[in-house]
Amino acid sequence: MTEYMNRIADAVVEAIASHRGVDRTDLTTPLYDEIDPDALEALYRTDSDDGAGPHPTVTFSYENDRVVVAGPNDIDVQPYPANPTP
């Protein structure tokens, strides 16, 4: 596995940990339980990107959070809103 292969997956893990105010080693659910890190890496691999267009946006759930990856340096983690009571 090349050095690049983990950059986006690592950035996602760091963003989730930062959002929660914990160290990345304190996260209990591995990222691969929620999304395929290799597929995520393939979407943002720079050697196949001609730079002509925007990166795709990927949204997925990680435990009770919504993770939106819009690019290698554009990762947003937000909690899902609580269900309103009827």
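Biologist: Which residue of S2 stands opposite Val58?

Modeller: Val58 stands opposite Val69 in S2, and Phe60 likewise has Val67 of S2 opposite. This is a predicted model, in which local features need pLDDT of at least 70 and side-chain atom pairs count only at pLDDT 80 or more, while totals for chains, interfaces and linings use all residues. Residues are numbered from 1 along each chain as its sequence is written, and side-chain values use heavy atoms, with hydrogens and water left out.

Biologist: What makes S1 and S2 a pair of strands?

Modeller: Strands are DSSP runs of E with at least two residues, helices are runs of H or I with at least four, and both are numbered from the N terminus. Two strands pair if DSSP finds at least two bridges between them; S1 and S2 (residues 65–71) have five, in the antiparallel sense, so the pair qualifies under that definition. S2 and S3 also run antiparallel and are joined by six bridges, with Arg66 opposite Gln78 in S3.

Biologist: Why are S1 and S3 called edge strands?

Modeller: The sheet is open, with three strands in the order S1-S2-S3 and antiparallel pairing. S1 (58–62) and S3 (74–79) each have a single partner strand, so one side of each lacks a neighbour in the sheet. From one strand to the next the twist averages 20°.

Biologist: Which side chains of S1 are buried?

Modeller: Val58, Phe60 and Tyr62 point to one face and are buried, whereas Thr59 and Ser61 point to the other face and are not. Buried means under 20% relative accessible area, exposed over 50%, and partly exposed in between, with a 1.4 Å probe and protein chains only. Buried residues make up 30% of the 86 residues in the protein chain.

Biologist: Why is Glu63 called partly exposed?

Modeller: Glu63 has 31% relative accessibility, a value between the two cut-offs, and therefore counts as partly exposed. Glu63 lies in the loop between S1 and S2, which form a hairpin with two residues between them.

Biologist: What makes the phi of Glu63 notable?

Modeller: Most residues other than glycine have a negative phi. The phi of Glu63 is near 50°, a positive value in a residue other than glycine.

Biologist: How do you know which word, parallel, perpendicular or oblique, describes H1 against H2?

Modeller: Axes are lines fitted to C-alpha atoms, for helices over the stretch in contact, and angles run from 0 to 180 degrees between N-to-C directions. H1 and H2 (residues 37–44) pack at about 110°, with their axes 8 Å apart. Angles under 35 degrees count as roughly parallel, over 145 as roughly antiparallel, 65 to 115 as roughly perpendicular and the rest as oblique, so H1 is roughly perpendicular to H2.

Biologist: What residues make that contact, and how do they divide by character?

Modeller: With contact meaning heavy atoms within 4.5 Å, Arg7, Ile8, Ala9 and Val12 of H1 meet Pro37, Leu40, Glu41 and Tyr44 of H2. These residues divide into six nonpolar, no polar and two charged, where Ala, Val, Leu, Ile, Met, Phe, Trp, Tyr, Cys and Pro count as nonpolar, Asp, Glu, Lys and Arg as charged, and the others, Gly among them, as polar.

Biologist: Where does H1 lie relative to the strands?

Modeller: H1 (residues 7–20) lies across S1, S2 and S3, running at about 40° to S3. Read along the sequence, the protein chain follows the pattern α-α-β-β-β.
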